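Visitor: I've got a chain to look at and a few questions about how it folds. Mind walking me through it?

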Amino acid sequence: MSTFAVPSRDELLLRVSEIAPVLRSHAAWSAENRRLHEEAVEALTGAGLFRMRIPLRYGGYEADARTMVDVVTEVARADGSAGWVLASSLIAGWGLGLFPDEVQDEVFADPDGRVCATIGPGTATAVPVPGGILVNGSWPFISGALSSQWQQSAAIFLDPEGQPYPVMAPVPVAELEIVDDWHTSGLRGTGSVTTTAKDLFIPQERVLPAPAVLGSQSASKLNADIPMYRAPFIVVGAATTVGVCVGMALAVQDAFFERLPGRRIAYTEYPSQSEAPVTHLRVAEAAMKIDEARFHAQRLAELVDAKCASGDGWEMTERARSRADEGAAARLTLEAAQILAGSSGGSSAYTKVPLQRIVSDLQTFNLHAMMNPDVNAETYGRVLCGLEPNTYYI
């Protein structure tokens, strides 16, 4: 067991404040070049942020959900793409803690190593070969692949003696091909490219059934008593990523108020936009929506931390509400950002003004299948009505 001092939440937030100018200064470059700037990756790594959700014995911090929400929020406030890549890596790192201990020894040999992930098989299939499986196929939307060493992958195992079923396994990114296809309208800096496997051999000890991983059925003996593993995979994912949309909404709010002093409302007699009642109404409405989004993010984090601390079982309503909390936060933050962007005048259309870029990032965030407000609300509503959820991603 490592004896190094684990940084507190306040210490991690201080580190974020110190690297925020670096992240912010490279945000436009990252969007233009469709990947995080190397200095942004180095800043996140140097601050130890990728270590937050790996076990202590590897130099990790085993941070709680509240810490994740707060840290990811402030990173995304500086750059939404950086926040998303960090959150995605934290989910992947946590998920790999469910794998056998010898697999973790390999993946976490470098505590500052970065991992990316997918929970869907894409087009990938696997067939049995001596000692493991052979995988062929592709995975889209692999956020952070361009700066990661390992990818948590999934595939459909074609069992010659039974029904096909999904499996998951970590693989070195160096053994995959990168398809440069991340041409999008938002979250461009995440570099969420497609990765491809061609006759990729994966040792059997790295392979687990996907339902076991998504059900947080740990194959690790050493992690059995670590509190942060007492939560469903999808709930952990929601608690990890919800801070991204909150941070981006705060970034829009910051940008709006930075531009407000001295701005006029063109073709009116108002000498200052800040004196116009319409401005007061709009900024208040946006601020309240951001506050509501933070409520949902914090409620989600508090539920995860309370359940992990107590070890109590998870009710289906709690699992469904966790997805609904993230969906509500996603919707509210996008609405707030659109209000502020719509009150920013024609000059905000210039690419040197970050407002429109961040709004596009939030729109893209809302399109994600696990964050989509309507999908998540429907799932919660089904459970409240006594029906089974129509997904096992819960």
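Visitor: Which helices flank the loop where E62 is found?
Guide: Bear in mind that this is a predicted model. E62 comes after the helix at 38-46 and before the one at 65-78. So the loop that holds E62 runs between α2 and α3.

Visitor: Is E62 buried, partly exposed or exposed?
Guide: Buried means under 20% relative accessible area, and exposed means over 50%. E62 has 22% relative accessibility, so it counts as partly exposed.

Visitor: What is the phi of E62?
Guide: Most residues other than glycine have a negative phi. E62 is not a glycine, yet its phi is positive. The value for E62 is about 50 degrees.

Visitor: And S216, is that one buried or exposed?
Guide: S216 is found in the loop between α6 (210-214) and α7. S216 also has a positive phi, near 55 degrees, without being a glycine. The cut-off for buried is under 20%. The relative accessible area of S216 is 15%, so S216 is buried.

Visitor: Where is D159, and how far is its C-alpha from that of A126?
Guide: D159 is found in the loop between β4 (150-157) and β5 (165-172), and at 25% relative accessibility it counts as partly exposed. Along the chain, D159 and A126 are 33 residues apart. Their C-alpha atoms are separated by 8.6 Å.

Visitor: Which helix gives the most to the largest nonpolar core?
Guide: In soluble globular proteins, nonpolar side chains tend to be buried together. Here the largest nonpolar core has 100 residues, and L44, L49, V75, V304 and F365 have the most contacts inside it. With 17 residues, the one that gives the most to this core is helix α7 (residues 233-259).

Visitor: How many residues are in the other core, the one with C116?
Guide: That core lies apart from the largest one. Its members include C116, A155, V171 and V207. The count for this core is 21 residues.

Visitor: What is the radius of gyration of the chain?
Guide: The chain has 11 helices and eight strands. For 394 residues the globule rule gives 21 Å, and the chain comes close to that, so it is as compact as a globular protein of that length. The radius of gyration of the chain is 21 Å.

Visitor: How far apart do the centres of the positive and negative side chains lie?
Guide: The chain has 31 positive side chains and 46 negative ones. The centres of these two sets are separated by 5 Å.

Conventions: Residues are numbered from 1 along each chain as its sequence is written. This is a predicted model: local features need pLDDT of at least 70, side-chain atom pairs count only at pLDDT 80 or more; totals for chains, interfaces and linings use all residues. Side-chain values use heavy atoms; hydrogens and water are left out. A nonpolar core is a set of buried Ala, Val, Leu, Ile, Met, Phe, Trp, Tyr and Cys residues joined through side-chain atoms within 4.5 Å. Buried means under 20% relative accessible area, exposed over 50%, partly exposed in between (1.4 Å probe, protein chains only). Helices (H or I, at least four residues) and strands (E, at least two) are DSSP runs, numbered from the N terminus. The radius of gyration is taken over C-alpha atoms; the globule rule is 2.2 Å times the number of residues to the power 0.38. Lys and Arg count as positive and Asp and Glu as negative; His and the chain ends are not counted. The place of a charge is taken as NZ of Lys, CZ of Arg, CG of Asp or CD of Glu.
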